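Biologist: Could you take me on a close look at one part of this model? I would like to hear about helix three and whatever it meets, told as one connected story.

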Amino acid sequence: MSPTAMSEDPGQIKRALIDASAGAISGAISRTVTSPLDVIKIRFQVQLEPTTSWALVRGNLSVASKYTGVLQASRDIFREEGLRGFWRGNVPALLMVVPYTSIQFTVLHKLKSIAAGSSKTEDHIHLSPYLSFISGALAGCAATLGSYPFDLLRTILASQGEPKIYPTMRSAFVDIAQMRGIKGLYTGLSPTLVEIVPYAGLQFGSYDMFKRWMMEWNRIVLSPNRSANADINLSSFQLFLCGLGAGTSAKLVCHPLDVVKKRFQIEGLQRHPRYGARVEKRAYRNMFDGLRQILLSEGWNGLYKGIVPSTVKAAPAGAVTFVAYEFTSDWLESLSSH
């Protein structure tokens, strides 16, 4: 059978299954590895009081903050909730990330194939940064719509602390559905979609850009005698660095919108008083009102609460996701070709 015939519908279906499977596996690995940092990040984001000790001293506040630093938060969570506390909400996180990354990488590959006029992954590296950005943004939107309720449940379970309001994911789901209706499972969707467009766009756009730079580096420095059109493969460490840079740059730009999203998701949650003031129901009218209120009451620091664990988490998370995806995709492709 000719290569042309192989690239028809059966080949496209196989490629879609590979992308979905590789995306699901890479997302699950990344989410599980970085869960402790994600839990700390969420606790910081939903805390209305300052999250640094020096801010407390400068503000001369009488109300003590529950969490004032990454190490202090780690000690407190471990002491009060044990090691399992760092993986609180990981089940809905995995249920979220598996469809999310499956949809994201499948849609991304399809859009890139349309833009490049080829379904071959090696041809996608030559796409312009703008097309990579747009493909990543659209893929992120599709993945968010398909997995959002699990994201909401993840945030609620990870932020509730001890004693638990919801002992299981099912109890949280039933309560939210009863109290707020099905619409309640999509609370905070608007800032999420506004966030995911630049986030996913930057992440995938910059990843492709870093890969092109790294391939050019290999061609000039490591293989100077090879032609400009020669295939320069990247090592796993180089893929890791590209993913690291992509995840970090995207997170730094989009973090304030993530803070607003988390506030919407946990509004009205009856946490123990030791966790500080709670976000009241309908505290923010919309995303812009949320940004404005946080800026007025908590300053610029408020919009960047959790930025340290978020950046520390985003860098390896992005790197692990991309490297795991590349390797899993190659592995599945080799299996399917036998």
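Modeller: Happily; what follows starts with the whole chain, goes to helix α3, and then follows its contacts outward.

Please keep in mind that this is a predicted model. The chain has 13 helices and zero strands, and of its 338 residues 49% count as buried. Among contacts between residues at least 6 apart in sequence, 77% join residues at least 24 apart, a useful backdrop for the pairs below. The chain exposes about 16400 Å², with carbon and sulfur atoms supplying 65% of that area.

Now to α3 itself, which spans residues 35–45. Of its 11 residues, 10 are buried, so the helix is largely enclosed by the rest of the structure. The buried set includes Asp38, Val39, Lys41, Arg43 and Phe44. Several of these names will come back, some with charged side chains and one with an aromatic ring.

Let us begin with the aromatic side. By the ring-centre rule, the chain has five aromatic pairs. In one of them, the rings of Phe44 and Tyr67 have centres 6.4 Å apart and planes at 45°, so this pair is tilted. Phe44 belongs to α3 and Tyr67 to the loop between α4 (53–59) and α5, so the pair ties together parts that are 23 residues apart in sequence. Phe44 is buried, with a relative accessible area of 4%, and Tyr67 is buried too, at 1%. Tyr67 also pairs with Tyr275, again in a tilted arrangement, with 6.4 Å from centre to centre and 50° between the planes. Tyr275 sits in the loop between α11 (236–265) and α12 (287–303), so this second pair ties together parts that are 208 residues apart in sequence. Tyr67 and Tyr275 are both buried. Taken as a group, Phe44, Tyr67 and Tyr275 are linked by ring pairs into a cluster. Tyr275 has a charged companion as well: the charged end of Lys66 sits over the Tyr275 ring, 5.4 Å from its centre.

The loop that holds Tyr275 deserves a short detour, as Arg278 lies in the loop between α11 and α12 too. Arg278 is partly exposed, with a relative accessible area of 31%. Leaving aside residues up to four places away in sequence, Arg278 touches Leu48, Gly268, Leu269 and Gln270. With Gln270 there is a side-chain polar contact of 3.2 Å. The C-alpha atoms of Arg278 and Glu267 are 7.5 Å apart, although 11 residues separate the two along the chain.

Back in α3, we can turn to the charged residues. The chain has 20 salt bridges in total. Arg43 makes one with Glu81, with 3.0 Å between the closest N and O atoms. Since Arg43 lies in helix α3 and Glu81 in helix α5, the pair ties together parts that are 38 residues apart in sequence. Both Arg43 and Glu81 are buried. Helix α5 has a salt bridge within itself as well: Arg79 and Asp76 meet at 3.1 Å, N to O, and they are three residues apart, about one turn of the helix. Here Arg79 counts as exposed at 58% relative accessibility, whereas Asp76 counts as buried at 10%.

Arg43 and Glu81 also lead us to Arg88, which touches both of them, along with residues including Val39, Arg154, Gly161 and Glu162. Arg88 is found in the loop between α5 (70–81) and α6 (90–116) and is buried, with a relative accessible area of 9%. A polar atom of the Arg88 side chain lies 3.1 Å from the backbone oxygen of Gly161. Just along from there, the peptide bond from Glu162 to Pro163 is cis, with omega near -5°. Most peptide bonds are trans. Pro163 lies in the loop between α8 (129–159) and α9 (169–180).

One last thread takes us to α11. Asp258 and Lys262 form a salt bridge of 3.0 Å, N to O, and, being four residues apart in helix α11, they are separated by about one helical turn. Asp258 is buried at 2% relative accessibility, and Lys262 is buried at 4%. Salt bridges with shared partners join Arg31, Asp38, Lys41, Asp151, Arg154, Asp258, Lys261 and Lys262 into one network. Two members of that network, Asp38 and Lys41, are buried residues of α3, which brings us back to the helix you asked about.

Terms used
Residues numbered from 1 in each chain as written. Predicted model: local features only at pLDDT ≥ 70, side-chain atom pairs only at ≥ 80, totals over all residues. Heavy atoms only, no water. Buried < 20%, exposed > 50% of the residue type's maximum accessible area, 1.4 Å probe, protein only. Contact = heavy atoms within 4.5 Å. Areas by Shrake-Rupley, 256 points an atom, 1.4 Å probe, with all protein chains shown as cover. Polar contact = N/O pair within 3.5 Å; in protein donor to acceptor, adjacent residues only side chain to side chain. Phe/Tyr/Trp six-rings, centres within 6.5 Å; stacked < 30°, edge-to-face > 60°. Lys NZ or Arg CZ within 6 Å of the ring centre and 35° of its normal. Salt bridge = Lys/Arg side-chain N within 4 Å of Asp/Glu carboxyl O.
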